[in-house]
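Please look at the sequence together with the model before reading on. The paragraphs that follow move from the interior to the domains, then to the open and closed spaces, and finally to a few single residues.

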Amino acid sequence: MTNRELMERAKKLMPGGVSSPVRAFKAVGGEPIVVREAKGCRLWDVEGKEYIDFLMSWGPLILGHAHPYVVSEVERQLSRGMSYGLTCYEEIRLAELVVSSVPSVEMVRFVSSGTEATMSAIRLARGYTGRKFVVKFEGCYHGHYDGLLVSAGSGVATLGIPGTPGVPEEIAGLTLVLPYNDTDAVLSTFERYGEDIACVIVEPVAGNMGVVLPSEGFLEVLREVTRKYGAVLIFDEVITNFRLSVGGAQEYYAIDPDITCMGKILGGGMPLGAYGGKKEIMSHVAPEGKVYQAGTLSGNPVSVVCGRATLEELLRLKPYQLLEERTRRLAEGISTVLKEKGIPHTINRIGSMFTVFFTEVPVTDYASSRRSNTELFGRFFRNLLHHGVLIPPSQFEAWFLSTAHRDEDIEEALERIQTAVRSL
Ligand SMILES: *Cc1c(COP(=O)(O)O)cnc(C)c1O
């Protein structure tokens, strides 16, 4: 059966034929592929076509698809039961690994997705402070929780407006949306609303408007101003935890947030999220405290084993320098190919994640990321796909490398990319 035939079947059964919107390739055009299987850094569709994968399930697979050690540990757990509804030994092992790896996390609560992590962290911040406003940054994505699916109104430091039908104005109005990297906007917002702000939530490295790095001093200002006003600083490290280093962006930039949201690599490809932080704050979570949050499958034994095996392997390999080196080679190679063709571009890169923007303007926030030529990106995406290179089907996402991307895979990918770009 072909990709097209299967997508037609899927569309009759699931909205858009997908379980998450961006998988429908709407932003890039062309036919979505239907995956048959994946191994290491390669993925095959139902037609048997092979791709070198830089989507990597949107970030969780830092060891590549079906890593042998992770698979064997998960298989062993499967035959021991897939859910208990009670605390299990493996959950405690993963909690120990998280607490010893992530500098600011003293206690952790497991959930099943990144969305649940951010949603719960915000409830906790509000419960802990007794305040209602949440500060977020334009272009940062924190999952599909109502209060965070909010767009900026006009002007700086505005009350948010609903970012999608289904979110009431009253809820969006509790979120203050500011431009990323704009410390003046942060300071003036705190002057005006400071006593009512429960928390600031931020991607310490933004990955969801394409990769955008924090400008010098930005994260430090967030730390200082939240401390001064008694608000909670939440780092959404769902992408960056165990990606930039074992300790995530907070270790990389040496900032001490109050609550950290985790997901993606934490579950190594299985559904798993977590939020954690200072004992003083985490002790307000039920049953120790009064802020309610629960989950039938939370701390699921298969997910926590998958996460535990992934973290063990990361701690053993310490692959970050090698990943960075290979990612740099790939990004520089792409830049060379684009220059040959005379295509203006900017590549934002940190560690093993990067985005190719089709604009010459430096990309430092949401407004500048939106300058990228998305029509050109669509053609770039489709040509790459045609030549066997899978990248995120949206301009405003990150490409990810894994330890399964060897030097020879990078070389092969660059050859395919060169062919694809020449026929742009
Ligand atoms: C992916 C992501 C989320 C949401 O995680 P889900 O598991 O998709 O719910 C939240 N925050 C950031 C920064 C993310 O990249």
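A nonpolar core is a set of buried Ala, Val, Leu, Ile, Met, Phe, Trp, Tyr and Cys residues joined through side-chain atoms within 4.5 Å, where buried means under 20% relative accessible area. The structure discussed here is a predicted model, and in its largest nonpolar core, which has 63 residues, Phe-242 and Trp-399 are the members that touch the most others. Helix α11, covering residues 320–340, gives the most to this core, with 7 residues. The core draws at least three residues from domain 1 (3–62 + 319–422) and at least three from domain 2 (68–316). Another core lies apart from it and has 28 residues, including Leu-178, Ala-185, Leu-219 and Ala-231.

Which residues are in contact with Phe-242, once its neighbours within four places in sequence are left aside? They are Ile-62, Val-98, Ser-101, Val-102, Gly-248, Met-262, Ile-265, Leu-266, Leu-311, Leu-314 and Tyr-320.

The domains named above come from a domain assignment, which gives domain 1 as residues 3–62 + 319–422 and domain 2 as residues 68–316. Taken over C-alpha atoms, the centres of domain 1 and domain 2 are separated by 26 Å. Across the boundary, 27 residues of domain 1 are in contact with 27 residues of domain 2.

The next step is to turn from packed side chains to open space. The second largest pocket holds about 460 Å³ of space, and of the 23 residues that line this pocket, Thr-87, Glu-91, Arg-109, Phe-110 and Ser-298 are the closest to its centre. The elements that give two or more residues to the lining of this pocket are α3 (89–101) and β4 (107–111). Sorted by class, the lining of the second largest pocket has 12 nonpolar residues, 9 polar residues and 2 charged residues.

A closed space can be considered alongside the open one. The count comes to 1 cavity of 30 Å³ or more, and the largest cavity contains about 40 Å³ of space. Its lining is made by Glu-73, Arg-76, Gln-77, Arg-80, Glu-90, Val-305 and Arg-308. Both α2 (68–78) and α10 (301–317) supply at least two residues of the lining of the largest cavity, and α2 gives the most, with 3 residues. How do the residues of this lining divide by class, and what is the number in each? The lining of the largest cavity has 1 nonpolar, 1 polar and 5 charged residues.

Some places in the backbone also deserve a careful look. Ala-286 and Pro-287 are joined by a cis peptide bond, with omega at about 10°, and Pro-287 is found in the loop between α9 (279–282) and α10. Met-56, a residue other than glycine, has a positive phi near 50°, and its position is in the loop between β3 (50–53) and α2. Ala-254 is not a glycine either, yet it has a positive phi of about 55°, and Ala-254 is found in the loop between α8 (248–252) and β12 (259–262).

Is Met-56 buried or exposed? Met-56 is buried, because its relative accessible area is 0% and buried means under 20%. Ala-254, by contrast, is exposed, because its relative accessible area is 68% and exposed means over 50%.

Two helix residues complete the walk through the model. Leu-414 is found in helix α14, which covers residues 407–422, and Leu-414 counts as buried because its relative accessible area is 13%. Leaving aside its neighbours within four places in sequence, Leu-414 is in contact with Arg-329, Leu-330, Gly-333 and Ile-334. The C-alpha atoms of Leu-414 and Val-389 are separated by 9.4 Å, with the two residues lying 25 residues apart along the chain. Ser-368 lies in helix α12, residues 366–369, and Ser-368 is likewise buried, with a relative accessible area of 6%. When its neighbours within four places in sequence are left aside, Ser-368 is in contact with Pro-362 and Val-363.

Technical notes
Residues numbered from 1 in each chain as written. Predicted model: local features only at pLDDT ≥ 70, side-chain atom pairs only at ≥ 80, totals over all residues. Heavy atoms only, no water. 1 Å grid on protein atoms, 1.4 Å probe; cavity = no way out; pocket = protein on both sides within 12 Å on 5 of 7 lines; lining within 4 Å. Points joined across faces, edges and corners; volume = space filled by probe spheres on them. Helix = DSSP H or I, 4+ residues; strand = E, 2+ residues; numbered from the N terminus. Nonpolar A, V, L, I, M, F, W, Y, C, P; charged D, E, K, R; others polar. Buried < 20%, exposed > 50% of the residue type's maximum accessible area, 1.4 Å probe, protein only. Domains from an automatic or database assignment. Contact = heavy atoms within 4.5 Å.
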